[in-house]
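Student: I'm new to this one, so could you take me through a close look at a single part? Pick one spot and build outward from there.

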Amino acid sequence: MGPLGQILDMIPLFKGKAAPKELEGEERDLKKFEAMISSMTPDERHEASIINGSRRLRIARGSGTTVSDVNRLLKMHVQMADMMKKMGRGKGLL
């Protein structure tokens, strides 16, 4: 495992142990996400709500991924934004 494995190796709890199976595909996904974000225009990066079907197709073609991968990235973005709003209101994760 690459950089994620190195980061886990810095945490005393994981030092010298193999990375959890949940993280095996994460590094590959991060590279896909990076390619998709690089294929977006600055306006799309700033305001994801403007990304319609034709823009999703262009992003997918430009990054060498599928439209479903772009949809997954955008869904994760919405979930993260909602979580940050909740944390900002003092509700936290618990």
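Tutor: Sure, let's start from S63 and see who sits around it. Keep in mind that this is a predicted model. Leaving out neighbours within four places in sequence, S63 is in contact with A35, M36 and S39. As for where S63 itself belongs, look in helix α4, which covers residues 53–63. Is S63 buried or exposed? Its relative accessible area is 15%, and because buried means under 20%, S63 counts as buried. The side chain of S63 also has a partner in the backbone: one of its polar atoms lies 2.8 Å from the backbone oxygen of I59.

Now follow one of those contacts, M36. Not counting residues up to four places away in sequence, M36 touches I59, S63, T65, D69, V70 and L73. So what bigger group does M36 belong to? M36 is part of the largest nonpolar core, a set of 9 residues: F33, M36, M40, I51, I59, A60, V70, L73 and L74. The elements giving two or more residues to this core are α2 (26–38), α4 and α5 (67–88). Among them, α5 gives the most, with 3 residues.

That brings us to how two of these helices meet. Two packed helices are described by the angle between their axes and the distance between the axes. For α2 and α5, the angle is about 90° and the axes are 10 Å apart. At that angle, α2 is roughly perpendicular to α5. On the α2 side, the contact is made by D29, K32, F33, M36 and I37, and on the α5 side by D69, V70, R72, L73 and M76. There's our M36 again, in this contact as well as touching S63. Sorted by class, the contact has 6 nonpolar residues, 4 charged ones and no polar ones.

For another spot to look at, try I50, in the loop between α3 (42–46) and α4. I50 counts as partly exposed, at 34% relative accessibility. Apart from residues up to four places away in sequence, I50 touches D43, E44 and R55.

Finally, step back to the whole chain. There are 5 helices and 0 strands, and the pattern along the sequence reads α-α-α-α-α. The chain has 94 residues, of which 17% count as buried, and S63, where we began, is buried too. Among contacts with a separation of 6 or more, 34% link residues 24 or more positions apart.

Conventions:
Residues numbered from 1 in each chain as written. Predicted model: local features only at pLDDT ≥ 70, side-chain atom pairs only at ≥ 80, totals over all residues. Heavy atoms only, no water. Helix = DSSP H or I, 4+ residues; strand = E, 2+ residues; numbered from the N terminus. Buried < 20%, exposed > 50% of the residue type's maximum accessible area, 1.4 Å probe, protein only. Polar contact = N/O pair within 3.5 Å; in protein donor to acceptor, adjacent residues only side chain to side chain. Contact = heavy atoms within 4.5 Å. Core = buried A, V, L, I, M, F, W, Y, C linked by side-chain atoms within 4.5 Å. Axes fitted to C-alpha atoms, helices over the stretch in contact; angles between N-to-C directions. Parallel < 35°, antiparallel > 145°, perpendicular 65-115°, else oblique. Nonpolar A, V, L, I, M, F, W, Y, C, P; charged D, E, K, R; others polar.
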